[in-house]
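Trainee: I would like to go through this structure with you, one question at a time. Where should we begin?

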Amino acid sequence: MLGFGLPAQAQMFDPNMLKQLQGQLSGRTGQSMMTTSPVDESRNASDTSGFPGLSDPLSGMTESERLLRELQAQEILTQNYKPSALEESYRERTGNEELRQFGYELFEKFLDRQAQQSAFTGRVSGNYIVGVGDEFVVLFQGPEPRNITTRVDREGRIIIDQLPPIAAAGRRFDAVVQDIQAATRQTLLGTEAHVSLGAVRSISVVVGGEVERPGQYTLTSLSDITQALAQARGIRRTGSLRQVRVERAGRSFVVDLYGLLGIGSPPVIHLQDGDRIIVPTVGRTIAVTGSVVRPGIFELAPGSSTLTLAQAVAMAGGALRPSGNDFSVLRIQPNGQEEVVSLTAESEKLQAGDVVQVVSRERSTTGKVLLTGFVNSPGVRSLSMAPTVKSLLGSAENLRMGSYLPFAVLLRRDPITSSVSYSGVNLYEVFYENQDVSLRSEDQLIILGNKDIAFLQSTPVRSIVLGLPNPLPDCRSLTYLEVLVGDSQSDRFAAVTRGSYIVDQGETLKIGSAGGVQSNLGVVNNDQAFGDDPNASMGMAGGSRMLAGRDVRDQNAQTQDPKAKDALGRDILTKEDKAKKEEVCPAVFEENPSVLPFLLENVVVLSGNLRRPGIYPVWGALPVSVLASIAEGISSRAETFSIDLSRADPYRGTATSFAMDGTMEMFAAIKVAAGDDVRFNTVQPKYEAGAVLLTGEFLRPGLYTIRKGEKLSELIARAGGLTEHAYPYGAVFTRRSVKKAQQEGFRRTAREMNTALLSMSARKGVSADAMSSAMMLSRDLATVDAPGRMVVEADPAVLEAYPEADTVLEAGDAIYMPKRPNFVLAMGDVLNPGALQFAKGKTAQDYIKEAGGIQRSADDDRIFIVYPNGVAQPLKTSGWFRSGAPVVPPGSTIVVPKNIDPLYTLDIVKDVATIIGQFATALASIAVISR
């Protein structure tokens, strides 16, 4: 007994039923899991060796590489194109050297293997005529599912397993399929047959006539005439595209290939074995040129010698303009002379050999204005909707952030000479003073941006105006300006040069620019904004900044990498290259080079305490307060300041200049115009730009902001005074400017010593040890860190008694107030250098004795003492025992230098002695500070 309480016999299936069920399930499952169908396997395995020259030369390439190779090949074909005799004849008649015969590009790209194999894929049409060699794939689904592949034998029959032979050759494919399915239903009960066409038979066709490679070719039975012509490498330009003839079993068909090019219906003719394709010479032609979509030479349809004007223009893709065109025809008369005939009706007939010229009757456009430049939506506007500048732009809020209001360029066509005239528009007056400007048809308004204005005061522009060579020859606008400056030789751009000067650097002249407080505040200059080298060395002279040691042309040559070339030798610019060029050469000036000199002729010079001084173009007049805002405002927060206004009349030779103090609101009533020079002078700030650091024995040490002219005694009072442990006599006062001067002095001395050593090294008898010691000393001098210490009086009581000794503080000063020491240092060539206990009344000789005395190598004639305040004084041993021997206060340093006799052989003993003295003093000062 099995489960469910039924006998074992009741659980068993009929074997025939199980076999049928498994067959049905396996048929479905096999289909769902099959990765390649039998039809695809059959077609993929078909023999294509009979198709010569079908290897794909672009196989293995990426899509971008394939596209690039095709573009290069197309460029080469364009360069090496040789017109046919027919094209030369039409070109001579029309004067159009680009005129070509229409449609022959169809065969310029030969079909590759994949295109040929496309005949084996997809569903086969039911009207396909089966022939000997065609392969059938039959899928049986039923009790015994299986796949059978068979071919049509030479008797024209298909023999499939248990089915009776079925006649197939010469019959339609769908009829054969119906016979196979009917025979299956009759022979195999419960079985269905699904029939597909696998590999198709090969056929042989002959291609002759005006083709590149006439001959016999092997194709598939599904191939059409275009594949056969592609195998023959296409039709020559002497051959016809509209009268290709197919000869088959005593019959002839004419194929018009214009249907594949969008003119007429495409041909649908499948080739058969033994077909002959003949391409005759080109038939009668006409040409269409002028304002049409695709000018060309067109062949007339078979059996037609005439066509209408409308049909001819339609073959050329239609006219570029839907109306307003004139049509003229160049027609050859019976006597051979050519006559120009004007046609007005589109139904008029044309003759073979005619040339149709389509010309737009009126190319001018009325009722439009053009808005370009630094705007969000450039383009054409209707004059009726925007008769004025304000109606064109709307309001100032509609402009992009960074738009330049004082000057917009208006290009207008002169009604008499048809030349372009330049004018300006002050958008500030338009928006805020209700001084609108009327527009005319074909006017172009160019809105400028802040970057365009910054380009006016860049180094390349100033260089060209001053007569220097153009550093950026790739900029069309700069090249135009260079030619204009060289030809005019006038002062029309004199305002540009007021803030510039020439720096003579040997054989090269450099351009310099006035920076004023802009340099001191570290504001980025215009040159850096236009991609100049930010590492260019900058020098300061008289509060101005100049480009020192920098040649713009050299920099430009370095930044231009070698570009890839196309087949015509032209540079292939990437998007990045175009963006960089537009950044250096603004597009508004590249599109209209004349705009650049027009702006330079109408500039106001702004200088002084502005965040961005320079030149600014102004049309009409503009308040001083607005100009200051355009220059990013005053560099300080002073509420009151003064201006110097210089105004020159170049025609009368007069000049006026005046100064005025006040606030920005007061200057709103003063207006300036092109050619004026305005300098903004603000009141000097009361506080220094930096702070002073107090450390040590101050009641409130720390970082203090100081007023200009504040003295040391005042700062000590602000810090609460000194503690009871302070030692004012040993105060260490350091200043950055002093440190810089000391270090430069050390480096200069090291350079002088190196020069002397080089000259001495050429002499004979120079000790190598002495030379080595001197070189080491020179290196130490070049690398020593100068203390930057100043000798000052820091005792508040002394400063109160002697105000003239009070030091005026500077930003960056540092004052260290030490505690009162109880030792004296003995350094140098003593037996036991170190710190000794201070005792009142002790002399320097006493301290040296306590240090063990001097060594034999010491120079006892050059012993000196460095007092706590940084003052150094030499000591003479002969005077130590006199009653007038100097007092040694606590915190002093006694320095015993080494004898320099080994350096006598260098003949520079005096120089070295001086160097050693300076060096020892510096070391002693450093030792005092380090405590």
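Mentor: Begin with a definition: a charge sits over a ring if NZ of Lys or CZ of Arg is within 6 Å of the ring centre and within 35 degrees of the ring normal. Keep in mind that this is a predicted model.

Trainee: Which residue lies over the face of Phe374?

Mentor: Start with the place of Phe374, which is the loop between β18 (368-373) and β19 (379-382). Outside its neighbours within four places in sequence, Phe374 is in contact with Arg400, Met401, Gly402, Ser403, Ile447, Leu448 and Gly449. One of these contacts lies over the face of the Phe374 ring, at 4.1 Å from the ring centre, and that residue is Arg400.

Trainee: Is Phe374 buried, partly exposed or exposed?

Mentor: Buried means under 20% relative accessible area and exposed means over 50%, with partly exposed in between. Phe374 has a relative accessible area of 21%, so the term for Phe374 is partly exposed.

Trainee: What separation do the C-alpha atoms of Phe374 and Ser403 have?

Mentor: Along the chain the two residues are 29 residues apart. Ser403 is nevertheless among the contacts of Phe374. Their C-alpha atoms are separated by 6.6 Å.

Trainee: Which kind of aromatic pair do Phe407 and Phe598 form?

Mentor: A pair of aromatic rings is described by the distance of the centres and the angle of the planes. For Phe407 and Phe598 these are 5.6 Å centre to centre and 80° between the planes. Planes over 60 degrees apart count as edge-to-face, so this pair is edge-to-face.

Trainee: How many residues apart in sequence are the parts that this pair ties together?

Mentor: Phe407 lies in the loop between α9 (389-393) and β20 (408-413), while Phe598 lies in helix α19. Both Phe407 and Phe598 are buried. The pair therefore ties together parts whose distance in sequence is 191 residues.

Trainee: Which residues do ring pairs link into a cluster with Phe407?

Mentor: Phe407 also forms an edge-to-face pair with Trp619, at 5.7 Å centre to centre and 75° between the planes. Trp619 is in the loop between β28 (614-617) and β29 (621-623), 212 residues from Phe407. Phe407 has 0% relative accessibility and counts as buried, whereas Trp619 is partly exposed at 27%. Besides Phe407, the cluster holds Tyr422, Phe598 and Trp619.

Trainee: Which helix gives the largest share of the largest nonpolar core?

Mentor: The largest nonpolar core has 53 residues, and those with the most contacts inside it are Val409, Leu481, Leu600, Leu606 and Phe680. The largest share of this core is 5 residues, from residues 595-600, which form helix α19.

Trainee: How many residues does the other core have?

Mentor: This other core lies apart from the largest one. Among its residues are Ile203, Tyr217, Leu241 and Leu343. Its count is 41 residues.

Trainee: Which are the edge strands of the open sheet of 5 strands?

Mentor: The strand order is β7-β6-β10-β8-β9, with mixed pairing. An edge strand pairs on one side only, and this holds for β7 (215-220) and β9 (251-255).

Trainee: Which residue takes a positive phi in the hairpin of β8 and β9?

Mentor: Strands β8 (residues 244-248) and β9 run antiparallel and are joined by 5 bridges. Across them, Glu247 stands opposite Ser252, and Arg248 stands opposite Arg251. There are 2 residues between the strands, and the one with a positive phi, near 50°, is Ala249.

Notes
Residues numbered from 1 in each chain as written. Predicted model: local features only at pLDDT ≥ 70, side-chain atom pairs only at ≥ 80, totals over all residues. Heavy atoms only, no water. Pairing = 2+ DSSP bridges. Helix = DSSP H or I, 4+ residues; strand = E, 2+ residues; numbered from the N terminus. Core = buried A, V, L, I, M, F, W, Y, C linked by side-chain atoms within 4.5 Å. Buried < 20%, exposed > 50% of the residue type's maximum accessible area, 1.4 Å probe, protein only. Contact = heavy atoms within 4.5 Å. Phe/Tyr/Trp six-rings, centres within 6.5 Å; stacked < 30°, edge-to-face > 60°.
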